[in-house]
Amino acid sequence: MIIVLKQNVEADRQEQLIDWFKGLGLGVHVSDGQYQTVLGLVGDTSKVDSDLVASLDIVDSVKRVTETFKCANRKFHPDDTVITVRDVKLGGGHFATIAGPCSVESEEQIVGIAKAVKAAGADMLRGGAFKPRTSPYDFQGLKAEGIELLKIARQETGLPIVTEIMNITDLPLFDDVDVLQVGARNTQNFDLLKELGRTNKPILLKRGIAGTLKELLMSAEYIMANGNENVILCERGIRTYSDYFRNTLDLSAVPMLHELSHLPVIVDPSHATGMARMVPQMALAATAAGADGLIIEVHNDPPHALCDGAQSLRPEDFAKLAGKIKTVREAIR
Ligand code: PEP
Ligand code: MN
């Protein structure tokens with residue numbers, strides 16, 4: 001249920017109303033927008049007499065929210081959420097590009113790529129330390145050492161770092177990581193999501209390999225219901241019968257997620273296509289579709305990358321793409 005308050009309601013009257021809802025065992029999500037304050041009630045609202053609430057002099061309107069996602073729902077929070085990562089903003093008109101290798105391989109590799117993508121205008125550095133690989137015989141990542149190397153790259157460039165967490169027990173290793181990624185294989189690892197909800201870290205939540213948008217939003221809800229509202233949604237392609245691509249990039253997810261939710265939406269054209277030569281077109285299309293950012297794999301030596309070389313751009317190609325992204329951004333402004 002959402003309750004839209006009238007304008008300029010005194011703070012103590014608002015607090016009284018909130019306390020009353022809390023006394024009924026409900027969670028109250030307060031969204032202070034530019035023009036209106038919205039109270040979102042979470043929990044069993046069947047005990048709330050909506051006619052009574054609507055009749056209060058400080059209440060403008062009351063609506064039942066039928067969707068199962070509440071905290072992530074735009075009805076609860078009409079304004080776009082802006083996520084701040086160090087001095088980078090993402091969402092609500094702020095666009096950010098995250099670039100870097102699939103996996104951290106060595107200090108020289110990650111620092112070199114970090115410097116190159118920074119020079120090209122990237123806002124954050126990605127790099128996997130814990131890698132979810134289909135085959136147990138493939139490179140599994142440098143793990144804790146990989147995180148340390150990312151921190152060195154951050155120190156060298158100032159770029160905030162984004163890396164994937166696979167297991168709750170590894171959480172202490174991510175204390176000094178700026179954005180924690182939940183990969184497509186873990187989008188419905190609900191215990192992990194709940195634990196991340198108890199942190200205050202920005203979470204980059206990827207859409208599951210065969211995940212619906214509703215499932216993605218419910219996964220975001222797991223994080224948010226536990227207190228962490230810093231969630232970035234990521235469309236990274238879904239499994240279909242398309243034969244030439246690693247996945248199918250569902251670009252229509254971008255405007256639909258924006259309609260349904262206030263959370264920022266970014267696109268990963270690298271995992272969506274699996275092919276470096278397809279990445280620039282899809283990155284530009286995603287920008288045109290209104291994405292709040294992109295996450296793009298970049299490697300200094302793609303043929304010898306330990307993971308996902310085929311879909312990795314060389315730094316010079318990323319630099320060219322970054323210029324075109326700017327042009328598209330200006331065109332749709
Ligand atoms: C990755 O970002 O390297 C990754 C494994 O992505 P996804 O979870 O989308 O497959
Ligand atoms: Mn990858």
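## Sorting the residues

Ala, Val, Leu, Ile, Met, Phe, Trp, Tyr, Cys and Pro count here as nonpolar, Asp, Glu, Lys and Arg as charged, and the others, Gly among them, as polar. With that sorting in hand, welcome to this structure, which is a predicted model.

## The largest pocket

Let us start with open space. The volume of the largest pocket comes to about 270 Å³. Its lining is made up of 4 nonpolar, 3 polar and 5 charged residues.

Which helix gives the most to this lining? Helix H10, spanning residues 315-332, does so with 6 residues. To find the pocket in the model, you can look for Phe95, Thr97, Ala120, Gly121 and Asp123, which are among the residues lining it. Others in the lining include Ala322, Gly323, Ile325, Lys326, Arg329, Glu330 and Arg333.

## The second largest pocket

The second largest pocket holds about 230 Å³ of space. It is lined by 19 residues, and those closest to its centre are Pro132, Arg185, Arg246, His271 and Asp308.

Sorted by class, this lining has 10 charged residues, together with 5 polar and 4 nonpolar ones.

## Around ligand 1

Next, take a look at ligand 1. How many residues surround it? There are 13, and the closest are Arg126, Lys131, Ala184, Lys206 and Arg236.

Some distances help to fill in the picture. A polar atom in the side chain of Arg236 is 2.7 Å from an oxygen atom of ligand 1. In the side chain of Lys131, an N or O atom lies 2.9 Å from an oxygen atom of the ligand. For Gln181, the distance from a side-chain N or O atom to an oxygen atom of ligand 1 is 3.0 Å.

## A closer look at His299

Our last stop is a single residue. You will find His299 in the loop between strand S14 (293-297) and H10, the helix that also gives the most to the lining of the largest pocket. Is His299 buried or exposed? His299 counts as buried because its relative accessibility is 3%, and buried means under 20%.

The side chain of His299 takes part in polar contacts with two partners: one of 3.3 Å to the side chain of Asn300, and one of 3.5 Å to the side chain of Gln109. Leaving aside residues up to four places away in sequence, His299 touches Pro101, Glu105, Gln109, Ile113 and Ala305, as well as Ser312, Leu313, Arg314 and Pro315. Gln109 therefore turns up both as a polar partner of His299 and among the residues that His299 touches.

Conventions: Residues numbered from 1 in each chain as written. Chains lettered and ligands numbered in written order. Predicted model: local features only at pLDDT ≥ 70, side-chain atom pairs only at ≥ 80, totals over all residues. Heavy atoms only, no water. 1 Å grid on protein atoms, 1.4 Å probe; cavity = no way out; pocket = protein on both sides within 12 Å on 5 of 7 lines; lining within 4 Å. Points joined across faces, edges and corners; volume = space filled by probe spheres on them. Helix = DSSP H or I, 4+ residues; strand = E, 2+ residues; numbered from the N terminus. Buried < 20%, exposed > 50% of the residue type's maximum accessible area, 1.4 Å probe, protein only. Polar contact = N/O pair within 3.5 Å; in protein donor to acceptor, adjacent residues only side chain to side chain. Contact = heavy atoms within 4.5 Å. Near = heavy atom within 4 Å.
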